[in-house]
Amino acid sequence: EKKKNHKKKNFKFFKKSFSLSLLPKKLRIFFQYFIKVIEKGNQKEQNACLESLSDDSGLSSIIPYLIIYLNQIFSIKNQNIIKLKFGIKIIYALVWNNFYKIQPFVHQIFPILINCIVGKNISGEKEDEQILKYFSAKIIGFIFFRFGPSFAGLQSRLIFLFSKHLLNSLENVNDLLGPLLGLTSFGIKITELYVLPFLPLILEKIEKEFFSKKIESIDIKSLKNLLDFIINIITSYLIQKNLQNFSSNSLTFFSNFDLEKIYKLFPLIEHLKKKLKTF
């Protein structure tokens, strides 16, 4: 009889099992139901579970088990893009819930988010990949907004990582969106220091794509999305720049940047977008 009870308290997915015996019975049932909904549930059931995860105060005991689950679905070779997107929603729900002490698990969450932003092993439609990148970057920005002082050293390492990827991606403009999303997630100051100086070079590289490659090899949709995002980066920066005129606090990190260089980028971007329409 004891063996039967022990088996019921073991949970298995992806051919691996771990014990749920430390969880109270109600939480064990919820966790098993939650994973079942992720695997086979409909959207209404999934949304209800995510809502519970983001609002309820009594589910913190299942966080370690969810982290194990998330690491497994993001580490397997044949990834299900729908499951990956739901995995990112789980992370967002965990981070959003004010009742959870998520800080001890941040170092286990960040490798997942980083891989979604700049990783090479996510397979699926380009649009789905970009959604993963976008929401992963948003979650990183939100974590540092909430817990920034606790992870100052981690922030510096991530900025270095994304900057390195940005420089490496200059050889292939299709890989630029990820590091740009990663760097801009840290706010306007990091954008000014680590993104804006590279935008002229990035646009120059994009322009060269049209002349150095065959039409068939150019990812038109990805380039269009990249140009749209660059416009968003510049527009957001200029809005923040103008807002400082109405603020009593001086945002000194804006003061030494040459705005003329930024404004000159708009005609080039419009030129490139018109060029895209010809393909």
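**Figure 1. Aromatic pairs in the predicted model, starting with Phe30 and Phe34.** With ring centres required to lie within 6.5 Å, the count comes to 9 aromatic pairs in this predicted model. Take Phe30 and Phe34 as a starting example: their ring centres are 5.9 Å apart and their planes meet at 40°, so this pair is tilted. Both residues belong to helix H2 (residues 25-40), where a spacing of 4 residues puts about one helical turn between Phe30 and Phe34. Are these two rings buried or exposed? Phe30 counts as buried, at 17% relative accessibility. Phe34 also counts as buried, at 1% relative accessibility.

**Figure 2. Phe110 and Phe144, a ring pair that joins H6 to H7.** Here the ring centres of Phe110 and Phe144 lie 5.5 Å apart with the planes at 35°, so this pair is tilted. The pair connects distant parts of the chain, 34 residues apart: Phe110 sits in helix H6 (residues 106-118) and Phe144 in helix H7 (residues 126-147). Phe110 is buried, its relative accessible area being 3%. Phe144 is buried as well, with 9%. Which residues make up the aromatic cluster with Phe110? One cluster is formed by Phe110, Phe144, Phe162 and Phe186.

**Figure 3. The packing of H6 against H8.** Follow Phe110 along its helix and you come to the contact of H6 with helix H8 (residues 152-169), where the axes are 12 Å apart and the packing angle is about 15°. Angles under 35 degrees count as roughly parallel, so H6 is roughly parallel to H8. The two helices make a right-handed crossing. From H6, the contact takes in Val106, His107, Phe110, Ile114, Ile117 and Val118. From H8, the partners are Leu154, Arg157, Leu158, Leu161, Phe162 and His165. Sorted by class, the residues of this contact are 9 nonpolar, 2 polar and 1 charged. Two members of the aromatic cluster, Phe110 and Phe162, can be found here.

**Figure 4. The covered helix H9 and its contact with H8.** How many residues of helix H9 (residues 177-184) are buried? The count is 8 of its 8 residues, and the helix is mostly covered. In order along the helix, the buried residues are Leu177, Gly178, Pro179, Leu180, Leu181, Gly182, Leu183 and Thr184. The axis of H9 comes within 8 Å of the axis of H8, and the two cross at roughly 150°. Angles over 145 degrees count as roughly antiparallel, so H8 and H9 are roughly antiparallel to each other. H8 passes H9 in a left-handed crossing. On the H8 side, look for Ile159, Phe162, Ser163, His165, Leu166 and Ser169, which meet Pro179, Leu180, Gly182 and Leu183 of H9. This contact has 6 nonpolar, 4 polar and no charged residues. Phe162 and His165 take part here and also in the contact of H6 with H8.

**Figure 5. Ser163 in its surroundings.** This view centres on Ser163, which has its place in helix H8. Is Ser163 buried or exposed? At 15% relative accessibility, Ser163 counts as buried. Which residues touch Ser163, once its neighbours within four places in sequence are left aside? Ser163 is in contact with Leu183 and Tyr194. Leu183 is one of the buried residues of H9.

**Figure 6. H4 alongside H6.** H6 also packs with helix H4 (residues 63-75): the axes of H4 and H6 come within 10 Å and cross at roughly 25°. That angle makes H4 roughly parallel to H6. H4 passes H6 in a left-handed crossing. In the contact, Ile67, Leu70, Asn71 and Phe74 of H4 meet Gln108, Ile109, Ile112, Asn115 and Cys116 of H6. By class, these residues divide into 6 nonpolar, 3 polar and no charged.

**Figure 7. The whole chain, as a setting for the close-ups.** Stepping back, the protein chain has 14 helices and 2 strands. What share of its 279 residues counts as buried? The figure is 44%. Finally, consider the contacts between residues at least 6 apart in sequence: 70% of them join residues at least 24 apart. The pair of Phe110 and Phe144, 34 residues apart, links distant parts of this chain.

Methods
Residues numbered from 1 in each chain as written. Predicted model: local features only at pLDDT ≥ 70, side-chain atom pairs only at ≥ 80, totals over all residues. Heavy atoms only, no water. Phe/Tyr/Trp six-rings, centres within 6.5 Å; stacked < 30°, edge-to-face > 60°. Buried < 20%, exposed > 50% of the residue type's maximum accessible area, 1.4 Å probe, protein only. Axes fitted to C-alpha atoms, helices over the stretch in contact; angles between N-to-C directions. Parallel < 35°, antiparallel > 145°, perpendicular 65-115°, else oblique. Left-handed = near helix turned anticlockwise from the far one by under 90°. Contact = heavy atoms within 4.5 Å. Nonpolar A, V, L, I, M, F, W, Y, C, P; charged D, E, K, R; others polar.
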